[in-house]
Amino acid sequence: MLAALAALDEGRTPERPVLREAVRTLLAALAERAPGRSVEVRVPPYGAVQCVTGPRHTRGTPPNVVEMDPATWLALATGRLGWAEVVTEGRVRVSGNRADLSAYLPI
């Protein structure tokens, strides 16, 4: 994960396997920190997790979705960017009344 963050800090694109591993590691940490299945957090093309307690979603498009690119996810999950900032800037797409992850970030 540190290699991916260092590359992003230097303005470089991390190598694909390094970025994938960092994204998946932080998604797993989020799922551990906020267990549940009411919100789906997507970071295409590397991963998605369901988290946050509440009504469980089982079919079709979930009502509570958070989606962003890998660089935004890494910055958000590590506290380099704040939730309100990325939502206001449109760097995160959110839908549903449970899609606010500010209570769980940074990890």
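This talk presents a predicted model, beginning with its helices and ending with two buried residues in loops.

Good morning, colleagues. Please keep in mind throughout that the structure shown is a prediction.

I shall start with helix α1, which spans residues 2-9. Which of its residues are buried? They are Ala 4, Leu 5 and Ala 7. These residues cover an arc of only 160° around the axis, so they lie on the same side of α1. In general terms, an α-helix has 3.6 residues a turn, so residues three or four places apart point the same way. The opposite face, turned away from the buried side, carries Leu 2 and Asp 9, which are exposed.

Against what do the buried residues of α1 pack? Their partners are α2, residues 16-33, and α3, residues 70-77. After α1 comes Gly 11, a residue with a positive phi, near 80°.

I turn now to the pair formed by α2 and α3. The axes of these helices are 10 Å apart, and the packing angle is about 45°. An angle of about 45° is neither under 35 degrees nor within 65 to 115 degrees, so it falls in the oblique class; α2 and α3 are therefore oblique to each other. Their crossing is left-handed.

Which residues meet where α2 and α3 pack? From α2 come Leu 19, Ala 22, Val 23, Leu 26, Leu 27 and Leu 30. From α3 come Pro 70, Trp 73, Leu 74 and Ala 77.

One residue of α2 merits separate attention, namely Leu 19. Is Leu 19 buried or exposed? Its relative accessibility is 10%, and because buried means under 20%, Leu 19 counts as buried. Leaving aside neighbours within four places in sequence, Leu 19 is in contact with Ala 4, Pro 14, Tyr 46, Pro 70 and Leu 74. Among these, Ala 4 is one of the buried residues of α1, while Pro 70 and Leu 74 belong to the α3 residues just listed. Leu 19 and Ala 3 are 16 residues apart along the chain, and their C-alpha atoms are separated by 8.4 Å.

Next, some points of backbone geometry. Where are cis peptide bonds found? One joins Pro 44 and Pro 45, with omega about 5°. Pro 45 sits in the loop between β1, residues 39-43, and β2. Another joins Leu 105 and Pro 106, with omega about 0°. Pro 106 belongs to the segment after β4, which is residues 92-95.

Val 52, in the loop between β2 and β3, has a positive phi, near 70°, although it is not a glycine. The relative accessible area of Val 52 is 6%, so this residue is buried.

Val 52 leads us to Ser 38, which lies in the loop between α2 and β1. At 2% relative accessibility, Ser 38 also counts as buried. What does its side chain reach? A polar atom of the Ser 38 side chain lies 2.8 Å from the backbone oxygen of Val 52. The side chain of Ser 38 also reaches the backbone oxygen of Thr 53, at 3.2 Å. Beyond residues up to four places away in sequence, Ser 38 touches Cys 51, Val 52, Thr 53, Gly 54, Pro 55, Asn 64 and Arg 98. By way of spatial orientation, Ser 38 and Leu 5 are 29 Å apart, C-alpha to C-alpha, and 33 residues apart in sequence.

Asn 64, one of the residues that Ser 38 touches, is my final subject. Asn 64 is placed in the loop between β2, residues 47-51, and β3, residues 65-68. With a relative accessible area of 5%, Asn 64 is buried. Which backbone atoms lie beside polar atoms of its side chain? The backbone nitrogen of Asn 97 is 3.2 Å from such an atom, and the backbone nitrogen of Arg 98 is 3.0 Å from one. Not counting neighbours within four places in sequence, the contacts of Asn 64 are Ser 38, Val 39, Glu 40, Ser 95, Gly 96, Asn 97, Arg 98 and Ala 99. Arg 98 thus appears in the contacts of Asn 64 and in those of Ser 38.

To close, I return to two loop residues. Ser 38 is buried, and its side chain approaches backbone oxygens. Asn 64 is likewise buried, and its side chain approaches backbone nitrogens. Thank you for your attention.

How values were computed: Residues are numbered from 1 along each chain as its sequence is written. Side-chain values use heavy atoms; hydrogens and water are left out. Helices (H or I, at least four residues) and strands (E, at least two) are DSSP runs, numbered from the N terminus. Buried means under 20% relative accessible area, exposed over 50%, partly exposed in between (1.4 Å probe, protein chains only). A polar contact is a pair of N or O atoms within 3.5 Å; within protein, one must be able to donate a hydrogen and the other to accept it, and residues adjacent in sequence count only if both atoms are side-chain atoms. Contact means heavy atoms within 4.5 Å. The arc is that of the directions from the helix axis to the C-beta atoms. Axes are lines fitted to C-alpha atoms, for helices over the stretch in contact, and angles run from 0 to 180 degrees between N-to-C directions. Angles under 35 degrees count as roughly parallel, over 145 as roughly antiparallel, 65 to 115 as roughly perpendicular and the rest as oblique. A crossing is left-handed if the near helix is turned anticlockwise from the far one by less than a right angle, and right-handed if clockwise.
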